[in-house]
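Visitor: I am new to reading structures. Please walk me through this one and tell me how each label is earned.

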Amino acid sequence: LLYALAVWRRRGTPLYLALLGGGAVCVVNEVPLSYAGHFYYPRPRAWVAFEAYGRVIPIWVVFAYTIYVGGLSIAMSEWLRHGITRARVWAGVGVVCGLNAILEVTVLRTRNYFYYGAQPLRLDKFPAVWMAMNVIAVLGACVVVHACRSFLTGRRLLLLLVAVPLCQIGGDWFGTPHFLALNAGGPAWVRTLGSLAAIAAS
């Protein structure tokens, strides 16, 4: 947040604040994803952001999305702002995936949420397929920023509040083989193939 404010002051555009806002809005996708991807938030003792279709979304998830999708989109945009090459893109992807794994493995151990069912390709308790889907959301937001930077001024910056969640949905679409195999209730090798197909598609 402080960096986004500093960029606004230095460059005269609240672009990165809008990116953070778009990251926060991604939380609205969490309810359908929780059913498709078999994860669950127990009802917390602290504040609840919202509840829908039998799923409770704690307030901390909003902040997590703001930091992860919004914050990493800013970091990746700054990284690629100094030159877009294949090596720089893949380096950024590696960092985003690594941070995703560290964040989720750590938070899963707190029991504030959990993945249920026979999830394949786990890193500790974290299904690795989510790294591939989540990085697409960040990359998609970066593409929007770099392709539309001159367009995203004034009130048009509010479009990022819709564009970033759509980028997340686009990334999760690549997880369709994983979701189908997971919800079909087939044998372990089918679920593993589904996850591998989702990673390969991403």
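Visitor: Which helices each supply at least two residues of the lining of the largest pocket?
Guide: Helix 3, helix 4, helix 5, helix 6 and helix 7 each do so. Helices here are DSSP runs (H or I, at least four residues), strands are runs of E with at least two, and both are numbered from the N terminus. This is a predicted model, in which local features need pLDDT of at least 70, side-chain atom pairs count only at pLDDT 80 or more, and totals for chains, interfaces and linings use all residues. Residues are numbered from 1 along each chain as its sequence is written, and side-chain values use heavy atoms, with hydrogens and water left out.

Visitor: What makes something a pocket, and what makes a residue part of its lining?
Guide: A 1 Å grid is laid over the protein atoms alone. A pocket is an open set of points with protein on both sides within 12 Å along at least five of seven lines. In a cavity, by contrast, a 1.4 Å probe fits but cannot get out. Lining residues have an atom within 4 Å of a point. The largest pocket has 24 of them, and A64, Y68, N100, L103 and E104 lie nearest its centre.

Visitor: Which helix gives the largest share of that lining?
Guide: Helix 4, with eight residues.

Visitor: What is the volume of the largest pocket?
Guide: About 520 Å³. Grid points are joined across faces, edges and corners, and the volume is the space filled by probe spheres set on the points.

Visitor: How many residues of each class are in the lining?
Guide: There are 18 nonpolar, three polar and three charged residues. Ala, Val, Leu, Ile, Met, Phe, Trp, Tyr, Cys and Pro count as nonpolar; Asp, Glu, Lys and Arg count as charged; the others, Gly among them, count as polar.

Visitor: Why is G171 called buried?
Guide: Buried means under 20% relative accessible area, exposed means over 50%, and partly exposed is in between (1.4 Å probe, protein chains only). G171 has 0%, so it is buried. Its place is in helix 7. G171 is in contact with M133 and I136, leaving aside neighbours within four places in sequence; contact means heavy atoms within 4.5 Å.

Visitor: What makes G54 exposed?
Guide: Its relative accessibility is 55%, so G54 counts as exposed. G54 sits in the loop between strand 2 (48-52) and strand 3 (55-58).

Visitor: Why is T176 called partly exposed?
Guide: At 30%, T176 falls in between the two cut-offs, so partly exposed is the label. T176 is found in helix 8 (residues 176-184).

Visitor: Why is helix 6 said to be largely enclosed by the rest of the structure?
Guide: Because 14 of its 19 residues are buried. Helix 6 reaches 28 Å from its first C-alpha to its last, close to the 27 Å expected at 1.5 Å a residue.

Visitor: How do you know that the span of helix 5 agrees with what is expected?
Guide: The expected span is 1.5 Å times one less than the number of residues. For the 23 residues of helix 5 that gives 33 Å, and the end C-alpha atoms are 33 Å apart, so the two agree. The buried residues of helix 5 include G92, C97 and N100. Among what covers the buried residues of helix 5 are helix 4 and helix 6.

Visitor: What makes a group of residues a nonpolar core?
Guide: The members are buried Ala, Val, Leu, Ile, Met, Phe, Trp, Tyr and Cys residues, joined through side-chain atoms within 4.5 Å. The largest such core has 49 residues, and L19, F126, W130 and L160 touch the most other members. Helix 6 brings the largest share, 10 residues. In soluble globular proteins, nonpolar side chains tend to be buried together.

Visitor: With which residues is W130 in contact?
Guide: Setting aside neighbours within four places in sequence, the list is L33, G37, F39, N100, Y115, D172 and F179.

Visitor: What is the phi of R111, and what is the phi of D124?
Guide: R111 has a positive phi near 65°, and D124 has one near 60°. Neither is glycine. Most residues other than glycine have a negative phi. R111 is in the loop between helix 5 and strand 4, and D124 is in the loop between strand 5 and strand 6.

Visitor: Is R111 exposed or buried?
Guide: Its relative accessible area is 66%, so R111 is exposed. D124, at 42%, counts as partly exposed.
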